[in-house]
Amino acid sequence: MEIVIVADRAAVGEVAAGAIADLVAVKPDALLGVATGSSPLPVYTALAARVAAGALDVGRLRICQLDEYVGLPPGHPESYRAVIEREVLTPLGLTPASFLGPDGAAEDLPAACAAYERELQEAGGVDLQLLGVGSDGHIGFNEPCSSFSSRTRVKTLTHRTRLDNARFFGSLDEVPWHVLTQGIATISDARHLVLVAAGEAKAEAIALTVEGPLAAVTPASALQLHPHATVIVDEAAASRLKHADYFRATYAAKPSWQKL
């Protein structure tokens, strides 16, 4: 796992966007896995700026979804499909035709999960999966104690996660109890995992993810097992890392030819 510590949220976005741009340069039709929430927003802002400036062509890029709420009506503004269209597809000039995602409104949810697994495989697999991390260490909606061998499935949200997401819905009562989420094994199938985090509120989760024990109680610690995982954090999110100075030194000494 490579740990990159930068000054602030905007720098987190720029570094992660650079990794995506490098991928697109060698594979224009790459399948990019995107996440929702506040952590990835600087990445999407930085990507959109590159596209607007003519520095990046994403016309053939494909996008896939990490998770989706169960039971929200089509077009609900807080469905993750709507969020991704608003925050990723539209700013990058992509159409819904470039998008893959699980159907949270399906009558047969297990079948919808299995269908999404097949879609990802038939698309050639995810080239780069962008991840945020919950304050309790969850990735996607794989809550603490999720199996490292889990695939796309239905999950019940914890009270803490529902509280964290209530700000998007206006009240806790409106936050769905259930979601469809890629499992930890599904996420780990991606060729490159890029986890981004900023702010003191994520410092404990980052310390457990990077330096803590490999444990299902911290789902993001599964990144320790991945052959190509990058964690990009600002100084505040890195504040509880015991080996922060080493991580800074190794990134500063990174060979110019070596990409993330």
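# Why these labels? Reading a predicted model

Mentor: This is a predicted model. The count of aromatic pairs comes to five.

Trainee: Why is the pair of Tyr80 and Phe141 called stacked?

Mentor: Start with the distance. Ring centres must lie within 6.5 Å to pair, and those of Tyr80 and Phe141 are 6.0 Å apart. Now the planes. Under 30 degrees counts as stacked. The planes of Tyr80 and Phe141 stand at 20°, so the pair is stacked.

Trainee: Which parts of the chain does the pair link?

Mentor: Distant ones. Tyr80 is in helix 3, while Phe141 is in the loop between strand 6 (128-131) and strand 7 (153-156). They are 61 residues apart.

Trainee: What makes Tyr80 count as buried?

Mentor: Buried means under 20% relative accessible area. Tyr80 has 8%, so the label is buried. Phe141 has 3%, so Phe141 counts as buried too.

Trainee: Which residues form one aromatic cluster?

Mentor: Tyr69, Tyr80, Phe141 and Phe169. Phe169 is also one of the buried residues of helix 5 (residues 159-169). The others are Thr161, Arg162, Asn165 and Ala166.

Trainee: How do you know that the buried residues are on the same side of helix 5?

Mentor: Look at the arc. They cover only 150° around the axis, so they fall on the same side of helix 5. There is a general pattern behind this kind of reading. An α-helix has 3.6 residues a turn, so residues three or four places apart point the same way.

Trainee: What do the buried residues of helix 5 pack against?

Mentor: Strand 4 (67-69) and helix 3 (80-92). After helix 5 comes Gly170, with a positive phi near 100°.

Trainee: What makes Arg162 and Trp177 a case of a charge over a ring?

Mentor: The charged end of Arg162 is 4.0 Å from the centre of the Trp177 ring. The distance limit is 6 Å. Arg162 meets it and sits over the ring.

Trainee: On to charges. How many salt bridges are there?

Mentor: The count is 12. One of them joins Lys254 and Glu2.

Trainee: Why is Lys254 with Glu2 called a salt bridge?

Mentor: The nitrogen must be within 4 Å of a carboxyl oxygen. For Lys254 and Glu2 the closest N and O atoms are 2.8 Å apart. Lys254 lies in the segment after helix 8 (244-252) and Glu2 in strand 1 (residues 2-6), so the bridge ties together parts 252 residues apart in sequence. At 18% relative accessible area, Lys254 is under the cut-off and so is buried.

Trainee: What makes Glu117 buried, and Arg151 partly exposed?

Mentor: These two form a salt bridge, with the closest N and O atoms 3.1 Å apart. Glu117 lies in helix 4 (residues 109-122) and Arg151 in the loop between strand 6 and strand 7, so the pair ties parts 34 residues apart in sequence. Buried ends at 20%, and exposed starts over 50%. Glu117 has 11%, so buried fits. Arg151 has 32%, so partly exposed fits.

Trainee: How do you know that Arg191 and Asp127 form a salt bridge?

Mentor: Their closest N and O atoms are 2.9 Å apart, and the limit is 4 Å. Arg191 counts as partly exposed at 43%, whereas Asp127 is buried at 7%.

Trainee: Which residues are linked in a network of salt bridges?

Mentor: Lys27, Asp127 and Arg191.

Conventions. Residues numbered from 1 in each chain as written. Predicted model: local features only at pLDDT ≥ 70, side-chain atom pairs only at ≥ 80, totals over all residues. Heavy atoms only, no water. Buried < 20%, exposed > 50% of the residue type's maximum accessible area, 1.4 Å probe, protein only. Helix = DSSP H or I, 4+ residues; strand = E, 2+ residues; numbered from the N terminus. Arc of directions from axis to C-beta. Contact = heavy atoms within 4.5 Å. Phe/Tyr/Trp six-rings, centres within 6.5 Å; stacked < 30°, edge-to-face > 60°. Lys NZ or Arg CZ within 6 Å of the ring centre and 35° of its normal. Salt bridge = Lys/Arg side-chain N within 4 Å of Asp/Glu carboxyl O.
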